[in-house]
Amino acid sequence: MALKRGEVTGDERLKRIWQAVAAIPRGRVDTYGGVACRAGLPRRARLVGHALKVAPSALRLPWHRVLAAGPRISFPQGSAAYLEQRRRLEAEGHCFCGGRLVSSARDAGTELDEWLWGPRKDGR
DNA sequence: GTTGTGACGACTT
DNA sequence: AAAGTCGCCACAA
């Protein structure tokens with residue numbers, strides 16, 4: 001309807017991204033690239049950021065669990081958003097050092113993949 | 001239609 | 001290790 005270019009405005013993708021973000025379990029974090037990949041949109045990390053920005057608060061998306069590569073918070077250090085995200089992450093059992101998120105499991109050099117989503121043997 | 005910017009990431013120098 | 005560059009795409013001016 002109403003949309004030209006033979007496609008939607010991207011709302012479908014936004015929903016997909018929101019769904020992927022909502023699927024992040026508590027106490028777990030993911031990166032923009034990871035969310036994009038899970039949403040079926042590889043290389044669209046920026047799109048994920050945009051999706052989160054335009055995401056309605058009514059969705060109750062755990063946006064604070066989405067971090068930039070690093071893992072670090074994408075917001076400028078010291079900004080309100082940065083502090084809030086950090087606080088929420090700490091409330092879920094994460095630790096922060098400087099601009100970097102430090103997990104107790106990561107300390108030994110655990111692979112980021114395992115640290116992020118754990119071993120998935122279903123081969124998916 | 002072009003340009004710049006952005007809640008990014010990966011690669012290259 | 002740090003900075004620069006490119007890719008990718010949506011949106012505002």
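**Close-up 1. Backbone contact of Ala69 with a phosphate of DNA strand B**. In this predicted model, a polar backbone atom of Ala69 lies 2.6 Å from a phosphate oxygen of DNA strand B. Ala69 is also listed, with Ala68, among the closest residues to the strand.

**Close-up 2. Contacts of Tyr32 and Lys53 with bases of DNA strand B**. An N or O atom in the side chain of Tyr32 is 2.9 Å from a base nitrogen of the strand. Lys53 approaches a base nitrogen through a backbone N or O atom, at 3.5 Å. Sugar or phosphate accounts for 40% of the atoms of DNA strand B within 4 Å of the protein, and bases account for the rest.

**Close-up 3. The protein surface near DNA strand B**. The strand is surrounded by 13 residues, and the closest include Arg46 and Trp63. Seven of the residues on this surface are nonpolar, four are polar and two are charged. Helices α2 (32-38) and α3 (45-54) each contribute at least two residues. The largest contribution, five residues, comes from α3.

**Close-up 4. The second largest pocket**. Its volume is about 160 Å³. The lining consists of Leu52, Lys53, Ala55, Pro56, Ser57, Arg60, Leu61 and Trp63. By class, five of these residues are nonpolar, one is polar and two are charged. Trp63 of this lining is also among the closest residues to DNA strand B. Lys53, another lining residue, has the backbone contact with a base nitrogen of the strand.

Conventions
Residues numbered from 1 in each chain as written. Chains lettered and ligands numbered in written order. Predicted model: local features only at pLDDT ≥ 70, side-chain atom pairs only at ≥ 80, totals over all residues. Heavy atoms only, no water. Near = heavy atom within 4 Å. Polar contact = N/O pair within 3.5 Å; in protein donor to acceptor, adjacent residues only side chain to side chain. Helix = DSSP H or I, 4+ residues; strand = E, 2+ residues; numbered from the N terminus. Nonpolar A, V, L, I, M, F, W, Y, C, P; charged D, E, K, R; others polar. 1 Å grid on protein atoms, 1.4 Å probe; cavity = no way out; pocket = protein on both sides within 12 Å on 5 of 7 lines; lining within 4 Å. Points joined across faces, edges and corners; volume = space filled by probe spheres on them.
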